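Here is a friendly walk through one chain, written for someone who likes cut-offs spelled out. Please keep the viewer open as you read.

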Amino acid sequence: MASESANSEGVELGRFLRARRTQTSPEHVGLSVGSGIRRTPGLRREELATLAGISIDYYVRLERGKETRPSPAVLDSLARALHMDDQEHQHLRELAARAARYAPEPPPAPSRTVRPHLKLLLESLRPNPAYVISRSMDMLAWNFGGLALYAGLEDWPAKHRNLARYLFLHPAARDLFPDWDRQITGCAARLRAVAGTAPDAPDLTNLVGELLLKSPDFARLWERYEVTRRKPAQKTFHHPRIGTVTLTSQSMQLEGTPGQRIGVYTAEPGTPDHDAMLLLDMTAPQAAQRPARSNAEQHRQQP
């Protein structure tokens with residue numbers, strides 16, 4: 001079991017290297033290309049090995065998952081040769097670290113439980129749309145705007161509400177985001193970054209397997225193996241209830257949770273975008289506007 005797990009981690013490292021190699025043109029790294037036909041997309045293995053100052057045999061073993069303990073110097077040389085950015089370089093280090101640890105068992109899926117004080121925090125953030133998501137982008141808790149902002153998501157059962165699933169599979173997502181292509185590209189890259197460091201985790205493998213099966217767009221982006229982390233950004237929504245609105249998003253790690261994050265959307269007070277955000281919150285059903293009663297209060301009011 002341990003050797004199988006180690007091999008899977010090494011294979012993931014090899015997949016990442018191959019994806020970056022085949023998507024790096026010789027011209028991009030300063031190599032001159034002759035007039036002959038190149039049958040290999042991107043760099044050849046021997047070209048990358050030469051640029052990184054390692055033997056072709058050693059690099060082939062890395063890409064095939066046979067070598068799982070590259071030194072930091074080798075990793076840095078490969079990152080330089082492939083012109084990786086800081087996030088790709090860090091992802092390469094994380095994959096190599098996991099490949100060297102020989103984890104005996106795949107990690108279990110993290111708990112989906114959201115602590116009560118975090119749910120109170122979401123309500124206190126109204127009218128700003130806010131939600132808590134898992135590492136695999138499951139929506140675990142939300143205030144009214146946090147759910148309503150993603151038009152049509154409330155139609156799905158709570159256990160199926162996942163932002164990646166929504167972007168790739170919900171028919172309303174293409175209309176909601178004017179830059180849908182950019183949104184799905186970033187989503188796949190963020191999911192790749194998480195799944196690459198926990199390739200056998202069931203919450204991630206189940207979601208990825210579903211999206212690979214149901215979405216050709218996801219399969220295409222997944223194969224590219226681009227990685228990126230979340231960062232603050234403005235998003236424009238063509239919302240059927242409040243019209244076009246542009247909000248600033250911020251995602252933050254929640255301490256003491258199994259990889260949960262809180263996402264919040266904001267707009268400058270007094271702007272049309274802020275007014276639209278207020279309108280979205282005001283359309284909450286009355287049941288959602290009232291704070292939930294405790295079990296003790298409900299018991300006291302029973303005849």
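## The pairing of S1, S4 and S5

S1 and S5 run antiparallel and are joined by four bridges. Helices (H or I, at least four residues) and strands (E, at least two) are DSSP runs, numbered from the N terminus. Within this pair, Tyr131 stands opposite Gly263 in S5. S5 also runs antiparallel to S4, with six bridges between them; here Gln250 has Val264 of S5 as its bridge partner. S5 is mostly covered, as five of its six residues are buried. Buried means under 20% relative accessible area, exposed means over 50%, and partly exposed lies in between (1.4 Å probe, protein chains only).

Before going on, two notes on the source. This is a predicted model, in which local features need pLDDT of at least 70 and side-chain atom pairs count only at pLDDT 80 or more, while totals for chains, interfaces and linings use all residues. Residues are numbered from 1 along each chain as its sequence is written, and side-chain values use heavy atoms, with hydrogens and water left out.

## The whole sheet

In what order do the five strands form the open sheet? The order is S2-S1-S5-S4-S3, and the pairing is antiparallel. Two strands pair if DSSP finds at least two bridges between them. S2 and S3 are the edge strands, each pairing on one side only. From one strand to the next, the twist averages 30°. As background, strands of a sheet pair through backbone hydrogen bonds, either parallel or antiparallel.

At the S3 edge, seven bridges connect S3 with S4 (residues 243-253), and these two strands run antiparallel. One bridge partnership there is between His239 and Gly243, the latter in S4. A helix also meets the sheet: H6 lies across S1, S2 and S5 (261-266), running at about 55° to S2. For that angle, axes are lines fitted to C-alpha atoms, for helices over the stretch in contact, and angles run from 0 to 180 degrees between N-to-C directions. Contact means heavy atoms within 4.5 Å.

## Loops with unusual backbone

Three loops deserve a look in your viewer. The loop between H6 (116-124) and S1 (130-133) holds Pro127, and a cis peptide bond joins Arg126 to Pro127, with omega about 15°.

Met137 sits in the loop between S1 and S2 (139-142). Although Met137 is not a glycine, it has a positive phi of about 75°, and it is buried at a relative accessible area of 4%. Tyr225, in the loop between H12 (216-224) and S3 (233-239), also has a positive phi, about 55°, without being a glycine. Is Tyr225 buried or exposed? Tyr225 is buried, with a relative accessible area of 1%.

## Arg21 and its surroundings

Arg21 belongs to helix H1 (residues 2-22). With a relative accessible area of 3%, Arg21 counts as buried. Which side chain makes a polar contact with that of Arg21? The partner is the side chain of Glu63, at 2.9 Å. A polar contact is a pair of N or O atoms within 3.5 Å; within protein, one must be able to donate a hydrogen and the other to accept it, and residues adjacent in sequence count only if both atoms are side-chain atoms.

Leaving aside neighbours within four places in sequence, Arg21 is in contact with residues including Thr40, Pro41, Arg45, Leu48, Tyr59 and Leu82. Leu48 is also among the buried residues of helix H2 (residues 45-52), together with Glu47, Ala49 and Ala52. Just after H2, Gly53 takes a positive phi of about 75°.

## Helix H10

H10 (residues 180-196) has 17 residues and reaches 24 Å from its first C-alpha to its last, close to the 24 Å expected at 1.5 Å a residue. The expected span is 1.5 Å times one less than the number of residues. H10 is mostly covered, with twelve of its 17 residues buried; among them are Trp180, Ile184, Cys187, Leu191 and Arg192.

## The chain overall

The chain has 15 helices and five strands, and 46% of its 303 residues count as buried. Of the contacts between residues at least 6 apart in sequence, 60% join residues at least 24 apart. The accessible surface comes to about 15,800 Å², with 52% belonging to carbon and sulfur atoms. Accessible areas come from the Shrake-Rupley method with a 1.4 Å probe; for residues, only the protein chains shown count as cover.
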